[in-house]
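Biologist: I am new to this structure, so please take me through one part of it slowly. I would like a close look at the space inside and what surrounds it.

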Amino acid sequence: MAAPHADAAQAKAMLEKAVATIKTAGAAPAFAAFNRKDGAFNTGELYVFVFDLNGVYEAYGAHPGLVGRDVSDLTDAEGKPIVRDMIEIARTSGHGKINYVWLNRADNRIERKMSLIELVGDHVVGVGYYAP
């Protein structure tokens, strides 16, 4: 049996809180908060991720050790170039959402996922949730 998932409203609330934190505290302190495994920006299956407009992780709540890694060529389980698509959405619209397929580490299954993203300065900030 699959674990219960977070929903769109919870992901949106976390994204709004993350954006506000960057704007009030500044990028570096916000990113440090996003990378804390036991922090407010890493709850259950929800976490904040941030990469720059070149596709380099600046924060990644699920795996902070990947900060600094270029993920511009990252694809989902079906080969969709998700980071490039997120950067394009951020550059053209300033915010949006993208759906893709991703490994849910909680139950080790490939599932549909939706990420909400927002451009803050030159940072692409996102929170994803598994679609029902």
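Modeller: Happily; we will start with the model itself, then go to the cavity and one helix beside it.

This is a predicted model, in which local features need pLDDT of at least 70 and side-chain atom pairs 80 or more, while totals for chains, interfaces and linings use all residues. Residues are numbered from 1 along each chain, and side-chain values use heavy atoms, without hydrogens or water.

The chain has a mean pLDDT (the predictor's confidence, from 0 to 100) of 93, with 97% of residues at 70 or more. Confidence is highest in helix 2 (residues 27-34), at a mean of 98, and lowest in strand 1 (residues 42-43), at 90.

The whole structure holds one cavity of 30 Å³ or more (grid points, 1 Å apart, where a 1.4 Å probe fits but cannot get out). Its volume, the space filled by probe spheres on those points, is about 100 Å³. Thirteen residues line this cavity (an atom within 4 Å of a point), and Tyr57, Ile82, Met86, Tyr100 and Trp102 are the closest to its centre. By class, eleven lining residues are nonpolar (Ala, Val, Leu, Ile, Met, Phe, Trp, Tyr, Cys or Pro), one is polar and one is charged. Among the elements giving two or more residues to the lining are strand 3 (57-60), helix 3 (82-93) and strand 4 (95-104).

In helix 3, Ile82, Val83, Met86, Ile87 and Ala90 are buried (under 20% relative accessible area). These five cover an arc of only 135° around the axis, so they sit on the same side of helix 3. On the other side, Arg91 and Thr92 are exposed (over 50%).

Methods
1 Å grid on protein atoms, 1.4 Å probe; cavity = no way out; pocket = protein on both sides within 12 Å on 5 of 7 lines; lining within 4 Å. Helix = DSSP H or I, 4+ residues; strand = E, 2+ residues; numbered from the N terminus. Buried < 20%, exposed > 50% of the residue type's maximum accessible area, 1.4 Å probe, protein only. Arc of directions from axis to C-beta.
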